[in-house]
Structure formats: structure tokens, C-alpha cells
Amino acid sequence: MYTDPAVIQFIDDHFVPVRVHVHDQADEFKRLGAKYNAQWTPTVLVIDSQGEERHRIEGFLPAAAFLAQLALGLGHSAFARSDFAEAERWFRQVVERYPDTDAAPEALYWAGVARYKATGDAASLHETAQQFQQRYQSTSWATKASVWN
Amino acid sequence: MAVERKEIGWTHNLEDALEEARSRLRHVLVDFTAAPM
């Protein structure tokens with residue numbers, strides 16, 4: 001996934017990338033693996049500039065699914081710092097650009113929550129539940145959103 | 001004309017990466033890997 005030009009560009013645009021090798025950097029892997037509870041490879045963490053983990057990707061993913069997870073992680077990070085408009089932008093981007101990935105229904109759910117948090121308007125939750133009746137019906141995220149109907 | 005192939009500029013020190021992330025308003029991506037380096 002790290003040879004895909006879109007992945008390389010996205011990481012270059014948004015991240016400072018750190019690689020910790022299980023064998024070649026055994027001591028560092030042990031130290032950071034314990035700090036972030038990483039016990040398997042590949043484990044990829046989205047960490048904010050304060051060192052807080054905001055998203056975790058475990059196991060190999062193809063490029064589109066990986067990009068979707070990275071964008072989802074940036075959305076979760078913005079949400080965590082209460083920047084709900086920025087969070088919603090990232091979540092909507094996941095749904096629009098990577099609609100066929102596992103990240104998309106999760107992003108659709110959180111896009112609705114982020115808009116609600118930004119506006120206080122519960123209609124955004126209802127609209128999200130309605131959208132889940134059109135797509136991703138069989139996912140757990142649709143089930144979670146069903147209470148907003 | 002040859003096209004330059006861009007690669008990810010991995011670093012290997014988290015603390016330095018966090019400092020850079022703060023100065024450049026970035027996040028840090030940490031990849032725990034067993035892949036050949």
C-alpha cells in the first residue's frame with residue numbers, strides 16, 4: 001500500500017511518517033509497542049501532535065481502503081479536539097471518495113454526529129438514519145443510527 | 001524523460017516526529033512493521 005502514488009501523496013500532505021521495525025529496531029518496537037499496545041504487524045496509528053492515538057489500523061489493506069482509514073483517522077482527531085466542522089469534512093470525504101470501503105459507513109455515521117455537534121440540530125441525525133436506509137443497511141453503523149429515525 | 005518516483009520519507013524517532021508535527025501542523029503516522037526495510 002505504501003507504493004501507491006495516492007497513498008504516498010496523502011501521507012506527504014498530512015503526516016510525519018515514522019516506521020518502527022519489529023526486528024531491525026527491536027528495542028524501539030518494544031518501547032513504543034508497549035506504550036501504544038501494538039502487538040501485531042502491520043499496526044498503523046494516527047497520532048496527533050500531542051502523542052495521543054486517534055485511530056488504529058491493524059492488518060494489510062489495499063490502497064483505497066487504507067486511504068479511507070487515514071482520512072477517517074483525521075476526522076476522529078478533529079472530532080476529539082471538538083473541531084466538528086473539520087471532522088465532518090473528513091468524514092464526508094471518506095463517504096464520497098471511498099464509498100465501497102469498510103470505513104465509509106462508519107464515516108457516514110460520524111458525519112451525522114459531527115454535524116449535530118456543530119449545529120445542535122438533531123435533524124442531522126435523522127437525515128443520517130434516512131441515508132442508512134438507502135445504503136450500508138447491513139452494517140452495524142446502520143443499526144446504531146436506526147435509533148435516530 | 002525519466003519520471004522521479006516519489007517515496008515516503010520515513011523517519012524512525014517518534015519524539016522528533018511529534019516535534020515536527022507540532023511545528024508543521026501535521027499528525028504522526030506510526031507504522032509498526034515486519035516488512036523488509
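**Contacts and strand pairing in a predicted two-chain model**

In this predicted model, 41% of the contacts in chain A with a separation of 6 or more join residues 24 or more positions apart.

Me: What makes two residues of chain A count as a contact here?

Reply: Their C-beta atoms, placed from the backbone, must lie within 7 Å. Of the pairs in chain A that meet this limit with a separation of 6 or more, 41% are 24 or more positions apart.

Me: Why are β2 of chain A and β1(B) called paired strands?

Reply: Pairing requires at least two bridges found by DSSP. Five bridges join β2 (residues 43–47) of chain A to β1(B), therefore the two strands pair. They run antiparallel, and I47(A) has V28(B) as its bridge partner in β1(B).

Me: Which element gives the most to the side of chain B that touches chain A?

Reply: That element is β1(B), with seven residues. The contact takes 23 residues from chain B and 32 residues from chain A. On the side of chain B, both α1 (14–24) and β1 (27–33) give two or more residues.

Me: How many residues of that side of chain B are nonpolar, polar and charged?

Reply: Twelve are nonpolar, five polar and six charged.

Me: What makes a residue of chain A count as buried?

Reply: At least 20 other C-beta atoms must lie within 10 Å of its own. Of the 149 residues of chain A, 39% reach this cut-off and so count as buried.

Me: Which elements make up chain A?

Reply: Chain A has seven helices and three strands, in the order α-β-α-β-β-α-α-α-α-α from the N terminus.

How values were computed:
Residues numbered from 1 in each chain as written. Chains lettered and ligands numbered in written order. Predicted model: local features only at pLDDT ≥ 70, side-chain atom pairs only at ≥ 80, totals over all residues. Helix = DSSP H or I, 4+ residues; strand = E, 2+ residues; numbered from the N terminus. Nonpolar A, V, L, I, M, F, W, Y, C, P; charged D, E, K, R; others polar. Buried ≥ 20, exposed ≤ 12 C-beta atoms within 10 Å, placed from the backbone.
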